[in-house]
Number of protein chains: 2
Amino acid sequence: MFRSALLRSCKPRLVRCLSSRVSNPNLAAMAGDDYLYHIGLNPASDDLAATFGDVRFVCLGGSVPRMGEFAARAAHELGVAPSAAQPIGKTDRYSLFKVGPALISSHGMGQPSMSILLHEIAKLLHYAGARDPVWMRMGTSGGVGVAPGTVVVSTEGVNGMLESGYELPILGRRTSRPSLFGAATVGAIVDAAAARPETAAMVAGGRVVRGKTMSADCFYEGQGRLDGALCEYGEADKMAFLRRAHDKGVRNIEMEALQFGAFTHRLGIRAAACCVTLLDRLEGDQVRASPEQLAEWDAALGDVVLSYIKHELGLPPPKC
Amino acid sequence: MFRSALLRSCKPRLVRCLSSRVSNPNLAAMAGDDYLYHIGLNPASDDLAATFGDVRFVCLGGSVPRMGEFAARAAHELGVAPSAAQPIGKTDRYSLFKVGPALISSHGMGQPSMSILLHEIAKLLHYAGARDPVWMRMGTSGGVGVAPGTVVVSTEGVNGMLESGYELPILGRRTSRPSLFGAATVGAIVDAAAARPETAAMVAGGRVVRGKTMSADCFYEGQGRLDGALCEYGEADKMAFLRRAHDKGVRNIEMEALQFGAFTHRLGIRAAACCVTLLDRLEGDQVRASPEQLAEWDAALGDVVLSYIKHELGLPPPKC
């Protein structure tokens with residue numbers, strides 16, 4: 001009630017600030033003197049509101065070249081000047097782009113690498129006064145009982161114990177936060193994919209599915225692969241675990257969604273993890289698809305995310 | 001005894017294989033059909049022995065440009081053709097260089113990102129038949145009670161509970177492995193730094209120290225910073241934790257040494273984590289040093305690692 005009254009009475013800038021998603025009373029005391037070290041932007045010297053105040057979508061994916069290509073593609077499909085697909089800020093760790101209403105960035109591999117970026121983008125959007133954008137992870141993953149090339153939209157993230165809790169020691173105390181993705185955002189993405197001609201066939205063909213996503217802090221042992229430098233179990237143990245994960249609703253395994261879901265859920269950020277599968281782990285451990293096949297699946301993931309963005313923006317489908 | 005007899009009787013190629021450091025019986029059954037997906041090399045199609053069989057040093061650090069610059073510098077100081085400082089294999093996730101006897105690579109940020117690289121480099125060196133190289137992480141870190149610009153050579157890695165155990169769920173079971181760095185390798189690096197004119201003043205000035213390194217899966221909350229997007233504690237809680245860490249022998253905090261120490265210790269790989277501190281966390285959270293100062297400290301870290309490599313190779317000091 002207090003907040004509603006405040007929203008009605010306050011100036012536009014204050015309204016924007018209230019709609020941002022951070023939870024740290026110390027930031028106000030810093031009075032904008034907060035250098036976002038890993039992305040190289042500073043609210044004290046960069047006009048973040050001018051550049052990022054209109055962000056409605058945040059698109060994050062692992063590798064630098066993949067997200068650079070997605071930025072160029074997004075500029076083309078959203079009718080934004082190609083010059084928008086140039087990185088902003090420091091580029092030694094992440095590459096960040098602003099394409100129309102979309103902030104696009106690489107996040108590296110693994111939950112800790114992603115975590116740094118999430119903290120700094122949340123602060124960036126807070127200082128910029130962005131209004132409740134939707135955050136999407138666009139990842140690659142190993143499928144569990146789904147065909148390669150399927151896009152799994154996560155309902156929740158689970159850890160290597162198959163539990164929905166992202167664990168992090170903070171000041172010597174173990175914390176665990178649930179990793180949940182809102183059904184409304186997940187549903188909106190799947191519904192947009194079904195409604196748009198670019199992606200309707202994928203949905204009809206069962207290539208866009210909802211499911212739990214297991215995130216591991218390791219590509220080899222942590223995901224039950226048999227081909228790491230170190231392996232202390234056998235094929236039967238691995239298959240028993242993967243089948244147990246499948247029975248619990250896990251449809252893919254990767255290395256970020258759990259932390260992403262925990263961070264965004266804790267801050268009330270609308271979010272979804274959309275990951276394409278490159279293999280079915282029930283069939284093997286190695287990625288055997290050709291570069292052409294991998295590029296096609298990556299494009300299909302981009303189709304799903306761009307369908308949602310264009311649907312939200314009310315853009316027409318492409319002409320045939 | 002069996003191994004000694006085998007070493008005496010077998011062919012050179014077998015001897016080389018026995019000296020490598022992996023622990024996975026499944027690799028033999030793959031008969032070399034093992035695509036190292038994230039670095040883009042394949043023992044079935046690339047002559048790994050010809051390129052990597054002579055590796056004696058593995059130098060790993062977080063960012064791509066920083067390790068590219070180190071590769072160029074190493075080529076210059078080790079008398080290797082500058083063309084060696086060109087990346088090998090795929091470059092979308094890591095950048096890997098071979099400079100004389102040194103394999104140099106970026107590893108991204110965080111333990112999971114580093115873990116992928118460690119598995120694939122261990123397999124790479126196994127297939128190449130490299131003979132027991134020394135692996136070194138060259139990182140940046142926050143100091144705990146040491147002056148900015150100090151190089152901390154880790155004696156062991158500890159987690160956010162200040163315990164020496166790297167935890168990873170494997171097939172739904174929690175595992176914990178000790179993270180220890182051999183005193184002989186740590187001592188050899190510090191002794192070389194003291195003996196070489198390039199680095200003797202650093203050691204004499206207390207800017208090369210041994211200590212425990214805490215690794216967190218987060219730059220903000222996991223390291224007790226007050227300036228993340230999310231913070232549920234205050235200055236006094238933070239300082240109490242950092243002082244407790246210091247009392248337990250922790251001299252710096254970063255995001256990789258714990259997993260690095262656990263992996264290499266488990267496989268019997270000689271290893272050291274050498275990280276330069278960019279600030280003293282007992283004084284603050286933000287990195288305030290100028291780009292010039294940061295470059296100078298990074299160069300000092302390179303001095304320590306190159307002093308060790310040149311000392312091992314018997315190379316003379318540079319002419320004044």
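pLDDT is the predictor's confidence in each residue, on a scale from 0 to 100. By that yardstick chain A averages 92, with 93% of its residues at 70 or more. The weak spot is residues 1-19 of chain A, where the pLDDT is below 50; beyond near neighbours in sequence, that stretch has ten contacts in the model, a contact being two residues whose C-beta atoms, placed from the backbone, lie within 7 Å. For the complex, the predictor reports an ipTM of 0.91 and a pTM of 0.92. All of this describes a predicted model, so local features need pLDDT of at least 70 and side-chain atom pairs count only at pLDDT 80 or more, while totals for chains, interfaces and linings use all residues. Residues are numbered from 1 along each chain as its sequence is written, with chains lettered from A and ligands numbered from 1 in the order in which they are written.

On to how the chains meet. The contact draws 57 residues from chain B and 57 residues from chain A. On the chain B side, H3 (26-30), H5 (64-78), H6 (111-128), strand E6 (166-170), H9 (235-247) and H10 (257-267) each put in at least two residues; here helices (H or I, at least four residues) and strands (E, at least two) are DSSP runs, numbered from the N terminus. H6(B) gives the most, with eight residues. By type, the side of chain B that touches chain A splits into 28 nonpolar, 17 polar and twelve charged residues, where Ala, Val, Leu, Ile, Met, Phe, Trp, Tyr, Cys and Pro count as nonpolar, Asp, Glu, Lys and Arg as charged, and the others, Gly among them, as polar.

A rotation of 180° with 0.0 Å of shift along its axis lays chain B over chain A at an RMSD of 0.0 Å (least squares on the C-alpha atoms of residues with pLDDT of at least 70 in both copies). The two copies are thus related as by a two-fold rotation axis. Since 100% of the interface residues of chain B are also interface residues in chain A, the copies meet through the same surface.

Within chain A, helix H6 (residues 111-128) has 18 residues and runs 25 Å from its first C-alpha to its last, close to the expected 26 Å (1.5 Å times one less than the number of residues). With 18 of its 18 residues buried, H6(A) is largely enclosed by the rest of the structure; buried means 20 or more other C-beta atoms within 10 Å of a residue's own, exposed 12 or fewer, and partly exposed in between, with C-beta atoms placed from the backbone. Just after H6(A), A:Gly129 takes a positive phi of about 75°.

The largest nonpolar core has 189 residues, a core being a set of buried Ala, Val, Leu, Ile, Met, Phe, Trp, Tyr and Cys residues joined through C-beta atoms within 7 Å. A:Met136, A:Cys274, B:Met136 and B:Cys274 have the most contacts inside it. Leaving out residues up to four places away in sequence, A:Cys274 touches, among others, A:Met136, A:Val151, A:Ile189 and A:Leu301.

Two loop residues in chain B deserve a look. Most residues other than glycine have a negative phi. B:Asp132, however, has a positive phi near 50°; it sits in the loop between H6 and strand E4 (134-143) and is partly exposed, with 13 other C-beta atoms within 10 Å. B:Leu171 also has a positive phi near 50°, in the loop between E6 and strand E7 (173-177), and is partly exposed with 19.
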